[in-house]
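Please open the model in your viewer and keep the sequence panel beside it. The tour goes from the whole chain to single residues.

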Amino acid sequence: AFAAADGKRLWTYDTEDGIQGSANRIELAGGRAGVVVIAQSTGVLHAVDLESGKGAWKSAAQDRADGSPGVGAGSIVMGSCASALHVFSAEKGGKTSDVPLGGDCQVAGGVAINGGIAYAGSRTGKFFAVDLAAQKILWTNTDTRKESFTTPAVAAKVVLFGSDDGRLYALDRTTGKQLWNVDTKGA
C-alpha cells in the first residue's frame with residue numbers, strides 16, 4: 001500500500017506467489033476495510049487488512065487462477081483452470097461452493113458480481129451468468145468461440161465482455177442474448 005499524497009510505502013504483504021489479477025476491496029470482520037488478492041499458481045485467496053497490511057485470512061488452494069476476484073452479495077468469487085467458479089464467504093474466507101462450468105471452460109479473466117449474479121468468460125468463449133444463492137448457471141452465451149479472458153463490465157440491463165476474436169459483446173443481463181457487438185480491430 002502507498003500513500004496517495006506522496007507515494008510513500010505504507011506496508012507490504014507477501015502472497016509467496018505471483019498476482020495476475022487486480023486486488024478487490026472487501027469488508028473484514030468488525031467492519032474493517034480490506035483487500036482480497038489471488039495467489040496465481042495455487043489459487044489461494046488472501047484477505048489483507050488495509051490499515052495494517054496484515055493477513056486477515058487465506059483460503060485453501062483451488063487451482064491456477066489468473067483473473068481478479070469478484071466481490072458482492074456477501075461473497076467472493078474467483079474463476080480457475082478447474083473450469084469452475086469458486087464461491088467464498090467474504091467475512092470468513094471459507095469456501096461455500098463450486099459451480100462447475102463444464103468441459104474446457106477454464107476461467108482466466110476476472111469475475112464481476114451484480115445483484116447476486118456472477119459473470120465470467122472462459123477459454124472456450126462461452127460466457128456465463130451464475131446465480132450465487134442457487135449455485136447454478138442461469139444462462140450461457142456462445143456467440144464467440146474465442147477465449148474471453150477480460151473482466152466483464154455490468155450495467156443495469158447489459159453485461160459487456162471482450163473476446164480474443166477482437167470483438168466487444170453486449171448481452172442482455174436477464175437472458176444472455178446478444179444485443180450488439182463491435183469489432184475492435186484486434187484481440
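The stops below say what to select and what is found there.

**Whole chain**

Begin with everything selected, and keep in mind that this is a predicted model. Coloured by secondary structure, the chain shows zero helices and 16 strands. Turn the C-alpha trace along its principal axes: the spans are about 45 × 35 × 30 Å. How does the radius of gyration of the chain agree with that of a compact globule? A compact globule of 187 residues would have a radius near 16 Å, and the chain has 17 Å, so the two agree.

Now switch to a surface display. The accessible surface of the chain comes to about 9000 Å², and carbon and sulfur atoms account for 49% of that area. Of the 187 residues, 45% count as buried. If you draw contacts between residues at least 6 apart in sequence, 33% of them join residues at least 24 apart. Colouring by charge picks out 19 positive and 19 negative charges, whose mean positions are 3 Å apart.

**The loop after strand 4**

Next, select Ala61, in the loop between strand 4 (55-58) and strand 5 (70-72). Is Ala61 buried or exposed? Its relative accessibility is 51%, and exposed means over 50%, so Ala61 counts as exposed. Now add the residues around Ala61. Leaving aside neighbours within four places in sequence, Ala61 is in contact with Thr42, Gly43 and Val44. Select Leu45 as well: Leu45 and Ala61 are 16 residues apart in sequence, and their C-alpha atoms are 7.8 Å apart.

**The hairpin of strands 11 and 12**

Move on to residues 127-131, which are strand 11, and residues 136-141, which are strand 12. The two strands run antiparallel and are joined by five bridges. Show Asp131 and Lys136 together, since these two residues are bridge partners. Strands 11 and 12 form a hairpin with four residues between them.

Within that loop, select Gln135. What is the sign of phi at Gln135? Phi is positive, about 55°, although Gln135 is not a glycine. On the surface display Gln135 is partly exposed, with a relative accessible area of 41%.

**The sheet of strands 13 to 16**

Select strands 13, 14, 15 and 16, which form an open sheet in the order 13-14-15-16 with antiparallel pairing. Which strands stand at the edges of the sheet? Strand 13 (153-154) and strand 16 do; each has a single partner strand, so one side of each is left without a neighbour in the sheet. Showing backbone hydrogen bonds is useful at this stop, because strands of a sheet pair through them.

Then narrow the selection to strand 14 (residues 158-162) and strand 15 (residues 167-172). Five bridges join this antiparallel pair. Display the side chains of Phe161 and Tyr169: Phe161 stands opposite Tyr169, which belongs to strand 15.

**After strand 16**

For the last stop, follow strand 16 (178-183) into the segment after it and select Lys185. Lys185 is another residue other than glycine with a positive phi, here near 70°. With a relative accessibility of 72%, Lys185 counts as exposed.

Technical notes. Residues are numbered from 1 along each chain as its sequence is written. This is a predicted model: local features need pLDDT of at least 70, side-chain atom pairs count only at pLDDT 80 or more; totals for chains, interfaces and linings use all residues. Side-chain values use heavy atoms; hydrogens and water are left out. Two strands pair if DSSP finds at least two bridges between them. The radius of gyration is taken over C-alpha atoms; the globule rule is 2.2 Å times the number of residues to the power 0.38. Buried means under 20% relative accessible area, exposed over 50%, partly exposed in between (1.4 Å probe, protein chains only). Contact means heavy atoms within 4.5 Å. Accessible areas come from the Shrake-Rupley method with a 1.4 Å probe; for residues, only the protein chains shown count as cover. Lys and Arg count as positive and Asp and Glu as negative; His and the chain ends are not counted. The place of a charge is taken as NZ of Lys, CZ of Arg, CG of Asp or CD of Glu.
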